[in-house]
Amino acid sequence: MSDEANKANEASNTTTNRSYELRPGVPAIETYRALRAATGLGAKSVEGSAVGLPNTWYGVLVRQEGEPEPVGMGRIVGDGGCHLQIVDICVLPEHQGQGLGKRIMEALTAELERRAPEGAYVSLIADGDARHLYAKFGWTEVAPVSVGMARLF
């Protein structure tokens, strides 16, 4: 392979070859909004994000080695006692397929196992095929007994 071909191959594999770090945290408002938009989760307002993010019960961020901005995130929100919900699990498309969603779920599940009170009801909404990932962590579909409902304001 020529030097130019090697360089092109290395550039295309940069994402694959670099390591990732997952740490507890919540993204800045603009980072949060950008991650949601880039991953198809839908837009959230600046105002809503400013109120919601500080109320995170637990959150994780995934960063690629040497990069300042997160490439993935996941959060748990709720009252901290009776009801909790896993939300905002996403990984930028160019970083998908490397087990990062699984690592996010592992971290969130571990924190729930560590801190959630006995009997806490923890829920999530699975978009598309994400239900297969969540099932690996013990999540089960509740329909037809219960059906998720939503209303946007």
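**Exercise 1. State how much surface the protein exposes and what share of it carbon and sulfur atoms supply.**

Solution. The structure is a predicted model. In this model the protein exposes about 9700 Å². Carbon and sulfur atoms supply 52% of that area. Turning from the surface to the interior, 30% of the 153 residues count as buried.

**Exercise 2. Describe the elements of the protein in the order in which they run from the N terminus.**

Solution. Begin with the inventory: the protein has 6 helices and 5 strands. Next, place them along the chain, where the order is α-α-β-α-α-β-β-β-α-β-α. Finally, consider how residues that lie apart in sequence meet. Among the contacts with a separation of 6 or more, 60% are made by residues 24 or more positions apart.

**Exercise 3. Determine the order of the strands in the open sheet and identify which strands stand at the edges.**

Solution. Step one is the order: the open sheet of 5 strands reads β1-β2-β3-β4-β5, and its pairing is mixed. Step two is the edges. β1 and β5 each have a single partner strand, so each of them has one side without a neighbour in the sheet. Step three is the twist: on average, neighbouring strands are turned by 15 degrees against each other, direction ignored.

**Exercise 4. Follow the pairing of β2 with β1 and with β3.**

Solution. Start with β1, which pairs with β2 in the antiparallel sense over 5 bridges. Within this pairing, E21 stands opposite R63 of β2, and P24 has V60 of β2 as its bridge partner. V60 then leads on to the next strand, since its bridge partner in β3 is G74. β2 and β3 are likewise antiparallel, with 6 bridges. The two strands form a hairpin with 5 residues between them. In the turn, G66 has a positive phi of about 85 degrees. As for cover, 6 of the 7 residues of β2 are buried.

**Exercise 5. Test whether the length of helix α5 agrees or disagrees with the expected span.**

Solution. Helix α5 comprises residues 100–115, which makes 16 residues. At 1.5 Å a residue, the helix should span 22 Å. The C-alpha atoms at its ends are 23 Å apart, so the length agrees with the expectation.

**Exercise 6. Explain where α5 lies relative to the sheet and which elements its buried residues pack against.**

Solution. First, the placement: α5 lies across β1, β2, β3, β4 and β5, and runs at about 160 degrees to β4. Second, the buried residues of α5 include I104, M105, L108 and L112. General helix geometry is relevant here: with 3.6 residues a turn, residues three or four places apart point the same way. Third, the buried residues of α5 pack against β1, β2, β3, β4 and β5, and also against α6 (130–135).

**Exercise 7. Name the residues of the largest nonpolar core that touch the most other members, and find the element that gives the most to this core.**

Solution. The core has 27 residues, and those touching the most other members are I76, I86, I89, I104, L108 and L112. Two or more residues each come from α3, β2, β3, β4, α5 and β5. Of these elements, α5 gives the most, with 6 residues. L112 serves as an example: leaving aside neighbours within four places in sequence, L112 is in contact with W57, I76, L84, I86, V122 and W139.

**Exercise 8. Classify R36 and L133 as buried, partly exposed or exposed, and list the residues that each touches.**

Solution. Take R36 first. R36 lies in helix α3 (residues 29–38). Its relative accessible area is 8%; because buried means under 20%, R36 is buried. Not counting residues up to four places away in sequence, R36 touches L41, G42, K44, M73 and D88.

Now take L133, which is found in helix α6. At 23% relative accessibility, L133 lies between the limits of 20% and 50% and therefore counts as partly exposed. With residues up to four places away in sequence again left out, L133 touches G101, K102 and M105. The contact with K102 bridges a gap in the sequence: L133 and K102 are 31 residues apart along the chain, whereas their C-alpha atoms are 7.1 Å apart in space.

How values were computed
Residues are numbered from 1 along each chain as its sequence is written. This is a predicted model: local features need pLDDT of at least 70, side-chain atom pairs count only at pLDDT 80 or more; totals for chains, interfaces and linings use all residues. Side-chain values use heavy atoms; hydrogens and water are left out. Helices (H or I, at least four residues) and strands (E, at least two) are DSSP runs, numbered from the N terminus. Buried means under 20% relative accessible area, exposed over 50%, partly exposed in between (1.4 Å probe, protein chains only). Contact means heavy atoms within 4.5 Å. Accessible areas come from the Shrake-Rupley method with a 1.4 Å probe; for residues, only the protein chains shown count as cover. The expected span of a helix is 1.5 Å times one less than its number of residues. Two strands pair if DSSP finds at least two bridges between them. Axes are lines fitted to C-alpha atoms, for helices over the stretch in contact, and angles run from 0 to 180 degrees between N-to-C directions. A nonpolar core is a set of buried Ala, Val, Leu, Ile, Met, Phe, Trp, Tyr and Cys residues joined through side-chain atoms within 4.5 Å.
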